[in-house]
Amino acid sequence: MRDDTEPPTAAAHDTDGLRRRALLAMGAAAGATLAVPFSGAGTARAAAPDAGGAGFARAFAEPPHAVRPRFRWWWPDGLVDRREVEREVDQIADAGFGGVEIAAVTHSMTEQIDVERHGWGTPAWVAALEAALRHAARRRLVVDLTVGPAWPAAVPTVAPDDPAAARELAHGVAVVEGGQTFAGPLPAALAPPAEGVTAQQARYVQAARVAAGGSPADSPVVLDPDTVADLADRVEDGRLTWTAPVGGVWLVIAFWERGSGQRPEGPPHTAPLSYVVDHLGAAGTRAVVGFWEEYILTPSVRVLLRATGGALFEDSLELETDATLWTPGIPAAFERHTGYALPPYLAAVVEYDEDPVFSFGKDVDTAVRRDYMDVVTELYVEHHLKPLRAWAHALGLALRVQPYGLETDAMYAAALLDVPEGESLGFKNLDDFRCLAGGRDMGGRRVLSNEAGARAGGAYATTWDDALKRLVTQYAAGVNQAVFHGFAYARAPGAGWPGFAAFSPYHGAPGYGEAWGPRQPGWPHVPEVARALARMQHVLQTGVNRADVGVLRQKGYAGTGLGAPWFSAEGVPVGWTHLFLSPRLLTLPGADVLGGRLAPEGPAFKALVVEGDVMNGRERTMELHVAEKLLGYAKAGLPVVVIGDWSDGHVPGLPRPGANERLRRLLAELLAQPSVAGVPDRPDVPQALAALGVRRDVEYAEASMLLHAHRADEDADYFFFANDAVSRKDSDGTPVDHDVVLAARRPDAVPYRLDAWTGTIEPVAVHRREGDRIRLRIALAPGATTIVALARPGSWGTRAAAGRHVVRTEAADVRWTGDGRLEVRERRPGSYATELADGRTVAAVIGPMPEPVPLTRWELRAEDWRPGATSTDTVRERRTLRLDGLAPWPELPELADSSGVGRYRATVRLGSPWTGGHGALLELGQVSDTFRVTVNGWELPPADQVTGTVDVGDRLRRGVNSIEVEVATTLLNRLRVARPEVFGAARPQSCGLVGPVRLVPYGRAVFRP
């Protein structure tokens, strides 16, 4: 069996792997030079599909399956039909998506499935899985599988009392006055056992005195740590006899170990019932593996899993208990890890309904609880993630996990996983994604996945415009794979029109996320969206991710919503990029400094910023090995910025003798290094960076809504830009239009613009060199994106006159034509001076221009989608309207409660100024949801669904012109009246072509430089 750190030969996210490796081998045989990638986890990073040279351009135009977006495919457990499964595989593949994750999620079910016949893991489910895998292999779709039904990981071979089941430590309390005797059964657990839990064991019995001035009624109860006594030897046959010392009030505390009885989310999925496994003990993972090996992995399934090259997937770590998270091995692991025994401090970690019950004082509580969760991280990694990953690799699969949900080091877990994943619903901001991206990059992994598109109450109301605006900001934060939430199997018992959906209804209301697929009016438009996203992801999976600054956190939590000091609020708007690091990430093999860069073959941080524990009031804590690492980094030339006064610095957890003193000596030595700057507080960070000579790779002169991600390989630097009008709460949707300055590694590098919507790559005509930097202009509508690559002249087969580009122009736009000429574009007549790189100035003359033409009169042929005879049948009623002005469908009496597809047609008579060297833009104004444009019978290239502006080019003619705009809506407006018990409270959506719509001409002047 392969080493458990090595990804499977057929990478789970790369169905074209064999072909790509053959091409790489051919290149190496021909004398090609291949860079050795950063491999912090001890493995070689998988090369991006078809990266480099003309191969990159071909892959950008038609992205390989490996980089295409995917769907979470919701099944009603095993109650699915083979023919329908195959049909849905075809629908997903035909729409341009690259893979699916088969997930049993049935939260919306109003009728119970016969789980004995059709539950998850039954022969019926396995047969359906085999059909899905077989057909997916034909269509070259990647198939991922959840490790159990819903989440967390669970299997039906584990009962609540089994050692492999998730465990908890419950507590019972009895109050004893000083000098009095307790005689009787051990105090019963305060939290009642979950259904199905019948066995429990008194693991510890202790006594402790309530601290002076305290009361047993306090919450939490403050205890005197010096009085904790072990009473185990006083227990016989479950009864305790013990006399409390004279003085004070004492508590007898019994700690009961038992199964938590947690079941996976949703209605029952299996018979017998599945129970969540112990994620902290080896037995739990063995139970998962054992079930799969016995019941799911038939010979055919094993072969097909390798053919589809997918991954095992586990959702977020939502281990829930009213008591304390536990596993039998935690006391021994705790002592090994910390050097002190847990039992005397056990009361400090006890919880009831997620709140602490007892306290030994803030300092002790904080230290012990921190040590406890640190051990939980170790157990989760060693007993769950690593064995699960090794088993997945043995099957030819990768492991994709959302490694957060508890106060564990999710950053470190992300470094170990083949594919870590975040989520659009649970994450609070972009820094949550940057936490996982830091782990991914330090671990030498390539992909950070995202459970994308989920929104509370978004069922049948989520527009692609909204989904894209949110997703592209997450791309800028390190995400480079979208798994959309989700594609629903067509039908299930009790499901209403338009079919089964995993989360709708949800508690009687519209649920989480969208149910994409042919049931949606906009589905025929989706292939254009999928191709655009695939091109973005192709770029964002090329090479390695680069970031300016690493921000060291004292704890590696993810999903907290906490930002970076200064950078999140002030640095990002002027171009700085950052990722978060946890202490464990500094122990990885690639976490070295070379040439003043940390992890030089990975993110290549220019500086490291350090502050106190932001999870605990910025307390000045640091582990000794971290201080030693930082000192070594500083001596090797890495700029380090230390925030705050660390004269009282101390180690986290309960310190060993002399530990705090040693830490302070290390910190003093660190701050004395010439490459280190200590600053009083966060606002002083930029001055420290400037004093240390640290410069960002992308610079904006003023604060901007522009976000970006930077990838690099041996051929080019790739900069992905997005105008963030979502996460930064920019309600008015401010456009971006300003210069950016990009660091260029190569002296001969020139900029190229990569259009994700059309798949074209063109040289940037207007730019200028400023030493080792290149200045150019970025203009983006809110939510829009662009990609700029810096590469050798002539890369990717593009034609441009090297060294004869434009450095300054008075015109709105200059671009290269296909034959090596320059074209000046302007909306106003006049002469526009255009300065070339060789010093010449060309006067580009734009002749008389016609005025923009508003389009107000339309013929609308509407398809009104309504429920049919069954839950999956849709009736399309057609009607034709003549409009003297545009309005949202709810304001048109004939379409007031309608959803569907509208085909708008306008005719316009244009005179001679519109022909002969003129082009035009079609500005659609407000349009919802997706759209396509046809001009005079010509279907225009795919349009950016966010901007609503389409370049008509030279498709207009003198005389009568026909403009057609096909618009698809969501289903919400029809569902409000078709299923009012679920959707009736929702507000009508302003859908359709609302405008204002106008044709805006532009003039063109072409010259050869």
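This report walks through the overall build, the sheets, two helix pairs and a few loop details of a predicted model.

## Overall build

Let's start with the big picture. The protein chain carries 19 helices and 56 strands. Put a box around its C-alpha atoms, along the principal axes, and you get roughly 105 × 75 × 60 Å.

How does the radius of gyration sit against the value for a compact globule? For 1009 residues such a globule would come out near 30 Å, and the protein chain has 31 Å, so the two agree.

## The six-stranded sheet

Now for a sheet with a helix on it. Reading across, the order is β23-β32-β33-β39-β35-β36, which makes an open sheet of six strands with antiparallel pairing. The edges belong to β23 (544–546) and β36 (761–763); each has a single partner strand, so one side of each is left without a neighbour in the sheet. Going from one strand to the next, the twist averages 30°.

Zoom in on the pairing of β33 and β39. Strand β33 covers residues 716–723 and strand β39 covers residues 785–791, and seven bridges link them in the antiparallel sense. If you want a spot to click on, try A722, which stands opposite T785 in β39. Helix α12 (residues 464–476) packs on this sheet and touches β32 (706–712), β33 and β39. The direction of α12 makes about 50° with that of β32.

## A three-stranded sheet

Another open sheet has three strands in the order β6-β11-β10, again with antiparallel pairing. Here β6 (181–185) and β10 (235–236) are the edge strands, and each has a single partner strand, so one side of each has no neighbour in the sheet.

Strand β11 spans residues 239–243 and pairs with β10 in the antiparallel sense over two bridges. One residue pair to look up is E236 and its bridge partner R239 in β11.

## Strand pairs around β48

Strand β48 (residues 900–910) has two pairings worth a look. With strand β46 (residues 858–867), β48 runs antiparallel, and six bridges join the two. On that side, E859 has R905 of β48 as its bridge partner.

With strand β54 (residues 959–968), β48 also pairs in the antiparallel sense, over 10 bridges. There, L910 is matched with G959 in β54.

## Helices α15 and α16

A quick reminder before the helices: two packed helices are described by the angle between their axes and the distance between the axes. Helix α15 (residues 624–635) packs against helix α16 (residues 659–671) at about 15°, and their axes are 9 Å apart. That angle makes α15 roughly parallel to α16. The crossing of α15 past α16 is left-handed.

Which residues make the contact? From α15 they are L624, A627, E628, L630, L631, A634 and K635, and from α16 they are A659, R662, L663, L666, E669 and L670. Sorted by class, this contact of α15 with α16 has nine nonpolar, no polar and four charged residues.

## Helices α5 and α7

Here's a second helix pair. Helix α5 (residues 123–139) and helix α7 (residues 299–308) have axes 9 Å apart and pack at an angle of about 35°. As α5 passes α7, the crossing is left-handed.

On the α5 side, V126, L129, E130, L133, R134, A136 and A137 take part, meeting S300, V301, L304, L305, A307 and T308 in α7. What classes do those residues fall into? The contact of α5 with α7 has nine nonpolar, two polar and two charged residues.

## Backbone details in the loops

If you plan to inspect torsions, here are some places to go. The peptide bond running from A271 to P272 is cis, with omega near 0°. You'll find P272 in the loop between β12 (249–259) and β13 (275–276).

S504 and P505 are also joined by a cis peptide bond, with omega about 5°. The loop that holds P505 lies between β22 (481–488) and α13 (526–540). H507 sits in the loop between β22 and α13 too. Its phi is near 55°, a positive value in a residue other than glycine.

Conventions:
Residues are numbered from 1 along each chain as its sequence is written. This is a predicted model: local features need pLDDT of at least 70, side-chain atom pairs count only at pLDDT 80 or more; totals for chains, interfaces and linings use all residues. Side-chain values use heavy atoms; hydrogens and water are left out. Two strands pair if DSSP finds at least two bridges between them. Helices (H or I, at least four residues) and strands (E, at least two) are DSSP runs, numbered from the N terminus. Axes are lines fitted to C-alpha atoms, for helices over the stretch in contact, and angles run from 0 to 180 degrees between N-to-C directions. Contact means heavy atoms within 4.5 Å. Angles under 35 degrees count as roughly parallel, over 145 as roughly antiparallel, 65 to 115 as roughly perpendicular and the rest as oblique. A crossing is left-handed if the near helix is turned anticlockwise from the far one by less than a right angle, and right-handed if clockwise. Ala, Val, Leu, Ile, Met, Phe, Trp, Tyr, Cys and Pro count as nonpolar, Asp, Glu, Lys and Arg as charged, and the others, Gly among them, as polar. The radius of gyration is taken over C-alpha atoms; the globule rule is 2.2 Å times the number of residues to the power 0.38.
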